[in-house]
Amino acid sequence: TIFAAPSQLQSDTIKIMLCDEVWAWGPEVLTELRARNHGQFDYKLFIVSQGGFEGDQLDTSFNNGEIHWSFECPSCKKYQKFQWKQVKGWVETDKKTGKRKSVKNKAGEWDWKRIGKNCRYECGTKGCKKVWKDNPIARRSMHKNAKYISRKNNHLPNRVSYHFNAIAVWWIPLFELVQQWIVAQEALKMGNKELLAKFIQKRLAETWEDISDVPVMK
């Protein structure tokens with residue numbers, strides 16, 4: 001075990017490298033570590049981490065690999081990644097006006113009980129109406145034929161990247177994630193970005209500035 005600092009990455013050859021929480025490492029430390037293989041053809045480098053920041057060494061390393069996503073929808077048979085925009089429950093359509101609105105009570109407060117009943121995951125394929133309810137049995141069934149499928153992105157030779165977020169963990173209730181996201185969005189309205197950044201990086205395992213996948217709360 002060595003400390004992730006340039007001063008510790010200058011001498012011995014390392015054939016197998018295990019890197020944890022690279023998002024917190026200093027700039028270019030990962031580059032220094034790669035150089036420690038000293039040209040060996042069969043060295044191995046494993047990186048495990050939450051999401052970092054757009055353009056940092058972790059983000060670059062992940063995008064330089066052949067990226068793989070996960071599960072198969074049993075209805076449309078399409079493989080897809082677990083994505084936050086397919087988690088539903090805190091926005092509903094008004095039956096009278098047809099307008100979408102946040103699930104709140106008459107006092108304008110979040111109606112947590114109704115949101116809990118509404119929480120679900122919907123297939124991301126256009127036209128497919130498959131829905132998984134927010135319970136362990138339904139959520140676990142999403143993994144029945146799950147396997148990693150290559151996105152076939154342009155990548156460096158012999159580099160492979162895998163993505164796995166909290167939505168894919170069947171024992172974590174979607175309702176719990178929805179609560180955290182709503183609280184983070186409310187904090188964002190007050191100018192506090194920290195909670196949303198942590199949600200994106202830790203729960204969704206994505207880079208902080210890459211938030212185009214997150215629906216805007218109205």
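Is Cys76 buried, partly exposed or exposed? At 21% relative accessibility, Cys76 counts as partly exposed, because buried would call for under 20% relative accessible area. Keep that residue in mind as you go through the views below, which come from a predicted model.

**View 1. The whole chain comes to six helices and ten strands.** Start here to get your bearings. The protein chain has 218 residues, of which 37% count as buried. Its C-alpha trace spans about 70 × 40 × 30 Å along the principal axes.

**View 2. The cysteines of this model form zero disulfides.** Here we come back to the opening residue. A disulfide is a covalent bond between the sulfur atoms of two cysteines. Cys76 takes part in none, and the nearest cysteine sulfur, which belongs to Cys123, is 3.7 Å away. That pair is not counted as a disulfide because the sulfur atoms would have to be within 2.5 Å. Cys19 is also worth a look: with a relative accessibility of 4%, Cys19 counts as buried.

**View 3. Strand E1 (residues 16-20) has side chains that alternate between two faces.** Met17 and Cys19 point to one face and are buried. Ile16, Leu18 and Asp20 point to the other face and are not buried. Next to these residues, follow the pairing of E1 with strand E2 (residues 44-48), which is parallel and runs over five bridges. One bridge to look for is that of Ile16, whose partner in E2 is Lys44. Between the two strands the chain passes through helix H1 (residues 29-34), giving a β-α-β crossover that is right-handed.

**View 4. An open sheet of three strands has the order E4-E7-E8.** The pairing in this sheet is antiparallel. Strand E4 (87-88) and strand E8 (131-133) are the edge strands, each pairing on one side only. Strand E7 (residues 120-122) is joined to E8 by three bridges. To find your place along these two strands, look for Glu122, which stands opposite Val131 in E8.

**View 5. Tyr148, Val160, Tyr162 and Phe164 make a nonpolar surface patch.** The patch comes to about 410 Å². Where does Phe164 sit along the chain? Phe164 lies in the loop between strand E10 (160-162) and helix H5 (174-189). With 45% relative accessibility, Phe164 counts as partly exposed, since exposed would take over 50%.

Terms used:
Residues numbered from 1 in each chain as written. Predicted model: local features only at pLDDT ≥ 70, side-chain atom pairs only at ≥ 80, totals over all residues. Heavy atoms only, no water. Patch = residues over 30% accessible without salt bridge, like charges linked within 9 Å, V, L, I, M, F, W, Y side chains within 5 Å. Areas by Shrake-Rupley, 256 points an atom, 1.4 Å probe, with all protein chains shown as cover. Salt bridge = Lys/Arg side-chain N within 4 Å of Asp/Glu carboxyl O. Helix = DSSP H or I, 4+ residues; strand = E, 2+ residues; numbered from the N terminus. Buried < 20%, exposed > 50% of the residue type's maximum accessible area, 1.4 Å probe, protein only. Pairing = 2+ DSSP bridges. Right-handed = clockwise from strand over helix to strand, strands pointing away.
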